[in-house]
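Student: Could you take me through this model and show how each label is earned?

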Amino acid sequence: MGGLLHTVLVDPFVQMWTLPDFFVQVLWEGLVSGILYALIALGFVLIFKASAVFNFAQGIMVVFAALSLVGLHRLGVPAFVALGLCVLIMLALAVAVERLVLRPLVNQPDIILFMATIGLTYFLIGLGELVFGGEPKVMITSELLLPTGSYVWETLGGRVILQQIDIAAAVIAAAMVAVLAVVFQRTKIGRALRAVADDHQAALSVGIALETIWVVVWFAAGVVALATGIMWGARSDVSFALQIVALKALPVLVLGGLTSVPGAIMGGLIIGIGEKLGEIYWGGLLGGGIESWLAYLIALAFLLVRPQGLFGERIIERV
Amino acid sequence: MLYRETGQFKTSYAADQAVFPIRQDRIGLALILLVAFLLVPVFGSSFFLNTMMIPFLVFSLATIGLNLLLGYAGQLSLGTGAFMGVGAYACYKLATIFPDINILVHTLLSGLFAAGIGVLFGLPSLRIKGFYLAVATLAAQFFLDWCFNRLPWLYNYNPSGAIEVPTRMLFGVALTGPNATPVTRYLVLLTLVVVMTWIASNLVRGWIGRSWMMIRDMDIAAELIGVRPLPTKLLAFAVSSYYCGVAGALMVFFWLGAAEPPSFSINTSFQVLFMVIIGGLGSLAGSFMGAAFIWILPVLLRALPEMLGVTIAAATVEHVSLIVIGALIIVVLIVEPHGCARLWQTAKQKLRTWPFPY
Amino acid sequence: MRLHRLLAGGTVALALALAAPTGPALAEDTLYVPLLTYRTGPFAGSGIPIADGMRDYLVMLNERDGGIGGVKLVIEECETGYDAQKGVECYESTKGKGALIYNPYSTAITLQLIPKAPVDKIPILSMAYGLSATAVGEVFPWAFNPPLTYWDGASAVLAYIAEQEGGLDQLSGKKIGFIYLDAGYGREPIPLLEQMAERYGFQLLKYPVPGDQMQNQSSQWLNVRRDNPAYMVMWGWGAMNPTAVKEAAKIRFPMERFIGVWWSGGEDDARPAGADAVGYKTMNINAVGQDYPVIQDILTHVVDKGLSKVSDRSRVGENLYNRGVMNSVLIAEAIATAQRATGKKLVTAEDVRLGLETMSFTEERMAELGVTGFFQPFQVSCKNHAPGNRVYIQQWDGKTWQPASDWFESDREVVWPLLEKAAADYVAQNPDWPKRAEPCA
């Protein structure tokens, strides 16, 4: 028993202490995947706040956006033109979703809207594979002038390897969050968005067009998805296998709260780092691979203690 | 004209409370059962039985299971696939540890294991609901998935990691394994599904089902009039997981013949969820319709180009069928958010006044 | 109105459902070869070149020779997505059309079809994949895995490592990492590797990659960095391969000590990592390139006529494309051997089983087929369904695969008894496993 306690409670920390460079590397890897989770969760939050739709298709929008970008480039479109076209595609998608899915389903229960976004997921998978082919593709990282090399940071009696693309991802994510924050706080449309998030009917009564707001948030989520897709695609390939990873955004949301942008960021980072530490230092005790469910377990434990999440509004009714 | 209950008077409470109070319904059901038990096995090809009817029955049972939880008790679960897996692995272990006991007994017992696991992961439902509960059940899904992969004891240390169904007999006829004919497997499955549907239909009409619906409709009011949320919700999880577990065991033993963890993945959970929603929340008949819609449609879509004499690449068909299913789900939700069951109700209503609607 | 339309649609759907099983009747005088392939999903990166190669060779036979023995081939692809459930569905939906042979192209699907084969009497060809124990023909008359098994692969890769280190005794105390797809395929060589680890005293470190996490391997490779094994061996497929190569480069693992199985050796597995992938090695069982008569014939009769599905002419001759061609050479030769043995033009699946069991790739026959040097000669026998236990090592130079060793053999002295034991275990676990109809001479 004492031996078991030692391997669970003492040994992992001894390992962290004796190999500090490796520990930093693990933290960094966790941070990077955390940023990507956070970006997906951000898309969820934007849509949930404005329309109370739990958009299951956010993960697929990431892949769809990245796939369109790579696919267009393969057809001979220059990288940055393709990027611009992708933004237009995401706009078209937002308009189409609002017209064809959200508007006819207005006032339906949440579960119905949720199911509709799952239907949208299947539709987008089929469409993306039909148009651009089903095989995994390589992201056009260098064509987009994104860095591909790595820095080796000699420190702590060892080395920490930092991929330049990961650093770029962190910078771009931070910039995007900053832009969103400014748009939300300082512009007219941002004020309208916040009004809609607070109270649909009150917003309608002061003359805010809900339909426009929906298109705007879906478009914003689409742009976030495009950025996420580029970053993620640069780390691995672009393929629909990413959808499972995208489900990780759910525990992130639970942790951060469904309606909070800072919550999504913090939740993403906590989940990303937490599951990486868990996998590397404790996973071996259970045979490895605990990454696939650790995030959900963390979220579950969290739910029992603080159901509204770190930053969420208290919207859960007591049961 | 054809479908009119005028003149059918009830003279006892028993008659008034019958599952099918209308004579035409009883005749219709008898006809369906006749077709299912006689015509399909006699005239159905082995392809038709294997790729359509058998999976359809398996998924119908799983859909009923999830519908009991989601449609009647109002608790959202995304862990159906994993609960089916628990049933399948439990049945496999039972069948290999006690090879002499009949496989049907094992199938029914395996549901109990699923029920136990279901209750365990249903515990958070006491504090949370809606999407938050969905995340909790996702934890069940991924954790159990991982167990199926990483606990070699579950698959008897088979290096391939798959569970393979041994041949099991009843009265000298092979029920499972490669030698069992599709007709035998179909008939066993059909009998089990009919019996379990009958049990479920009585369950939801009795006090258990009513207390589930009370919890679903308004939990605080239910609590006030004396429904205890804790046992009621856990019972819903237990019964639902039992049905899913049995469906999982049947899926492996009577349909696939062997299975690996991906058969019980999150995609299976979604598939069953679709079936519930498309069929209609809180309707047993709808569960069958939903299962038929979601399962048989893609099979048809795959077979369609060939029937029309067009050659389309296999992959393209796959993509198109994804698009069509995705679009159809949205269309059905827009046209009738209450699913096929409500369409059927509307149809019956129209039929009552046909041909002179007023 | 809506309702009526829906009801009408339902009726049509039902009518179609009842009509579905009949389908179009196949022309009487053809040979029907279903191909279980995957051109979509996360494994499509590996699946597409294989599918193209398999299909193009058979199409080429139709175009050049009018089929096999003058009988046209009917080729039908069924999309499995590397999913066992869908694969079995494909099997069920095609077997009624007179399928002569099945190529599941997935170890998981193979495992599910093995018990069905003796019942349906249709042979399975799992070329260099599938259940290793099916090499024992006395136990598995209906399953074939020529030219060699995964256990041969594991034995060969250890032999290669030993040669690099200067002898098998040098393995003692070394750490060898094994990163694998956590599915039937990746787990298959583990029993052999564990036995070898015990015998030669090296430490085997296992890094499973779950099928749905293939593109997210950073944890596995962080563990590799911490454990610091002397060599990494990989059993990967589909999107797992390029991701693993990239991750290995990211932790600066020495590429020349990273050796994949023959299925991890696609051009698209190494190419995405760019210059970082230079030095990455894999085993191989077939030649790469277009300089073979058989590939030239495919280019003339299929690709240049626009009958192929390959995206670009240059992709013909890539490693996995050629692997697909090799697979179809085996199919065609099994059918041709069956025709010669029975004297019939229209052979049955049972005849093809006999063909598989007696087919023989001698130097002369390979020259006739235009595949001299394309792969190594071998002769399948009743007892031995995987007789060609020879591989070579190829190395990525940044643009193409270059041979990095001669052909060498796995240690059959060690592997064969283990295969026989595994086959016996299989029978013990399945008490009513059907015996061979006629025992091997």
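Tutor: Sure, here is a round of questions in which values are set against definitions. This is a predicted model, where local features need pLDDT of at least 70, side-chain atom pairs count only at pLDDT 80 or more, and totals for chains, interfaces and linings use all residues. Residues are numbered from 1 along each chain as its sequence is written, while chains are lettered from A and ligands numbered from 1 in the order in which they are written.

Student: What makes up chain A in terms of helices and strands?

Tutor: Chain A has 13 helices and two strands. Those are DSSP runs, numbered from the N terminus: H or I of at least four residues for helices, E of at least two for strands.

Student: How do you know how compact chain A is for a globular protein of its length?

Tutor: Compare two radii. The radius of gyration is taken over C-alpha atoms, and the globule rule is 2.2 Å times the number of residues to the power 0.38. For 319 residues the rule gives 20 Å and chain A comes out at 21 Å, which is close, so chain A is as compact as a globular protein of that length. Along the principal axes, its C-alpha atoms fill a box of roughly 65 × 55 × 35 Å.

Student: Why is A:Ala234 called buried?

Tutor: A residue is buried if 20 or more other C-beta atoms, placed from the backbone, lie within 10 Å of its own; 12 or fewer makes it exposed, and in between it is partly exposed. A:Ala234 has 25 such neighbours inside 10 Å, so it counts as buried. A:Ala234 sits in helix H9 (residues 210-235) of chain A. Across chain A, 51% of the 319 residues count as buried.

Student: Which residues does A:Ala234 touch, leaving out those up to four places away in sequence?

Tutor: They are A:Met139, A:Thr141, A:Leu146 and A:Ile165. Contact here means C-beta atoms, placed from the backbone, within 7 Å. A:Leu146 is 88 residues from A:Ala234 in sequence, yet their C-alpha atoms are 9.1 Å apart.

Student: How do you know whether the span of H3(A) agrees with its length?

Tutor: The expected span is 1.5 Å times one less than the number of residues. Helix H3 (residues 58-74) of chain A has 17 residues, so it should span 24 Å, and its end C-alpha atoms are 24 Å apart, which agrees. Of those 17 residues, 15 are buried. Just after H3(A), A:Gly76 takes a positive phi of about 100°.

Student: Why are H2(C) and H12(C) called roughly perpendicular?

Tutor: Axes are lines fitted to C-alpha atoms, for helices over the stretch in contact, and angles run from 0 to 180 degrees between N-to-C directions. Under 35 degrees is roughly parallel, over 145 roughly antiparallel, 65 to 115 roughly perpendicular, and the rest oblique. Helix H2 (residues 44-65) and helix H12 (residues 293-303) of chain C cross at roughly 70°, with axes that come within 9 Å. Therefore the pair is roughly perpendicular.

Student: What is the make-up of the side of chain B that touches chain A?

Tutor: The contact takes 34 residues from chain B and 38 from chain A. H13(B) gives the largest share of chain B's side, 13 residues. By class, that side has 27 nonpolar, three polar and four charged residues. Nonpolar covers Ala, Val, Leu, Ile, Met, Phe, Trp, Tyr, Cys and Pro; charged covers Asp, Glu, Lys and Arg; the others, Gly among them, are polar.

Student: And how many residues of chain A are in contact with chain C?

Tutor: There are 26, in contact with 27 of chain C. On chain A's side, H2(A) gives the largest share, five residues.

Terms used. Two residues are in contact if their C-beta atoms, placed from the backbone, lie within 7 Å.
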